[in-house]
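Visitor: Please take me to one spot in this model and stay there. I would like a close look at a single residue, its contacts, and the helices around it.

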Amino acid sequence: MAEDNNGGNSNSGGANANTTAEVQIQIPAGPSKTEAPATQEGPSGSSKAKNWKRWFMVAADAIFLIVGQTSATLLGRYYYSQGGNSKWLSTFVQTAGFPILFFGLFFFPSKSSSSETPIGKIAMIYIVLGLIITADNMMYSHGLWFLPVSTFSLICASQLAFNVFFSYVLTSQRLTGLIMNSVVLLTLAALLLGVNHESHGPTGGVIGGKYLVGFLLTLGASGTYALILSLMQLTFENVIKKQTFSAVLNMQIYTALVATFASLVGLFASGEWMDLKEEMDRFQSGEFSYLMTLVWTSVSWQVASIGVVGLVFEVSSLFSNVISTFALPIVPLFGVMAFHDKMNGVKIIAMLISIWGFLSYLYQNYLDDKKARSA
């Protein structure tokens, strides 16, 4: 997650110089109803150079997000397929690698005063968001347990539709025909998978009620992830009131800290910690593989998180979610190759519809950018 991730605002076409020591960024959740067109300053050559550099960074961040999200999902599925059974441990590793993000603060330290931000209020927001992230990660963990990785990943594509809804309700994003088309298509793709009952799953026979539970939990996790992004957006706009890279990193780090602690409490309170030694002993590929699976799953989620943060910094949180959604159809292909998941006709149609929905949304962003540049 990510966190979601789940989780997770736009700059102008080029990066403008700021009078303060820290780069400032805008983080709207998409084109709003009152959004003014962006303008560019400086010589044409300098502007083009900055634009090329910016989009090079966007491409790099997108690769981080796609690689991290894909590898984390596949490693999570591998953990279950080799005999792993702890849902709380699976939830824990989704955020436990957050200390890696402290390196980002060394490169992008905050040099401006933050005394205008109430420490108590922001701490409470971090705690609430962290707890919501914990619940979101837990739903993802159960969904991945009950469903094949291909079905799980394609249902997650609905997170973009949820994101558009929450952005409209909470941040007044305007809805165009192309965006609505994207929402309908991505939702339809998820519904197709919801009625596509199958017996192939990580436990060797997920059918009937368990399949439905897995579908509903994964769908709920996608909606919660979209809600988290919108709540973070409101926090930036109304509480933090400064959109800097260090502020985004702090949001990621401290919410992950709370989520990690909550997951650890859940691990001990549920009693699952007592079974971890036995789980490691019976892990089919060995104890070392067990440890490496957990470590690299945690690292992969943080690699994805770095990509999310970078895309928020360079473009927007909504664009970050779009890239995350676009990466989802890639996972089922690896799931088929690595775990022999079934790729039947319904899944192929759902995947194509998801890609169509993504392209519709991407084209709307292209039109918005073109309009802003010609203004």
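**T91 and its surroundings**

Guide: Start with contacts. With neighbours up to four places away in sequence set aside, T91 touches T134, N137, M138, S141 and S263. Keep in mind that this is a predicted model.

T91 sits in helix α2, which covers residues 87-93. Buried or exposed? T91 is buried: its relative accessible area is 0%, and the cut-off for burial is under 20%.

Now the partners of T91. T134 is part of helix α4, and S263 is part of helix α9. T91 touches T134 and S263, and both of these residues also take part in the contact between α4 and α9. So T91 of α2 meets residues from the place where those helices pack.

Look at that packing next. Helix α4 spans residues 119-146, and helix α9 spans residues 245-269. Their axes lie 8 Å apart and make an angle of about 60 degrees. That angle makes α4 oblique to α9. The crossing is right-handed.

Which residues of α4 and α9 meet? On the α4 side they are Y126, I127, L129, G130, L131, I133 and T134. On the α9 side they are N250, M251, Y254, T255, V258, A259, A262 and S263.

Follow α4 along to Y140. This residue belongs to α4. Y140 is buried, at 9% relative accessible area. Y140 and T91 are separated by 49 residues in sequence, yet their C-alpha atoms are 8.0 Å apart in space. S141 of the chain is itself a contact of T91.

Next, helix α1, residues 44-81. G76 is in α1. Its relative accessibility is 9%, so G76 counts as buried. Beyond its neighbours within four places in sequence, G76 contacts L144 and T297. Residue 144 falls within the span of α4, residues 119-146. G76 thus links α1 to α4, the helix that also carries T134, a partner of T91. G76 and Q94 are 18 residues apart in sequence, with 9.4 Å between their C-alpha atoms.

T70 is another residue of α1. T70 is buried, at 8% relative accessibility. Its contacts, apart from residues up to four places away, are V331 and F334.

Move on to helix α11, residues 287-314. I306 is placed there. I306 is partly exposed, with a relative accessible area of 34%, while T91 has 0%. I306 touches D61 and L101, again leaving out residues up to four places away in sequence. D61 falls within the α1 span, residues 44-81. I306 and L65 are 241 residues apart along the chain, but their C-alpha atoms are separated by 7.2 Å.

Step away from the buried sites for the charge pairs. Side chains of opposite charge can pair when their charged atoms come close. How many salt bridges does a search of the whole structure find? It finds two. One joins D281 and K277, with 3.0 Å from N to O. D281 and K277 are four residues apart in helix α10, residues 276-282, so about one helical turn separates them. D281 is partly exposed, at 41% relative accessible area.

The other pair is E278 and R282, at 3.6 Å from N to O. E278 and R282 are also four residues apart in α10, so about one helical turn lies between them. E278 is partly exposed, at 48%. R282 is partly exposed too, at 41%.

Finally, the whole protein. There are 14 helices and zero strands. From the N terminus on, every element in the run is α. Of the 375 residues, 54% count as buried. T91 counts as buried as well. The protein exposes about 16600 Å², and carbon and sulfur atoms supply 70% of that area.

Back to the starting point. T91 lies in α2, has 0% relative accessibility, and touches residues that include T134 and S263. Those two are among the residues that meet where α4 and α9 pack.

Note on methods
Residues are numbered from 1 along each chain as its sequence is written. This is a predicted model: local features need pLDDT of at least 70, side-chain atom pairs count only at pLDDT 80 or more; totals for chains, interfaces and linings use all residues. Side-chain values use heavy atoms; hydrogens and water are left out. Buried means under 20% relative accessible area, exposed over 50%, partly exposed in between (1.4 Å probe, protein chains only). Accessible areas come from the Shrake-Rupley method with a 1.4 Å probe; for residues, only the protein chains shown count as cover. A salt bridge is a side-chain nitrogen of Lys or Arg within 4 Å of a carboxyl oxygen of Asp or Glu. Axes are lines fitted to C-alpha atoms, for helices over the stretch in contact, and angles run from 0 to 180 degrees between N-to-C directions. Angles under 35 degrees count as roughly parallel, over 145 as roughly antiparallel, 65 to 115 as roughly perpendicular and the rest as oblique. A crossing is left-handed if the near helix is turned anticlockwise from the far one by less than a right angle, and right-handed if clockwise. Contact means heavy atoms within 4.5 Å.
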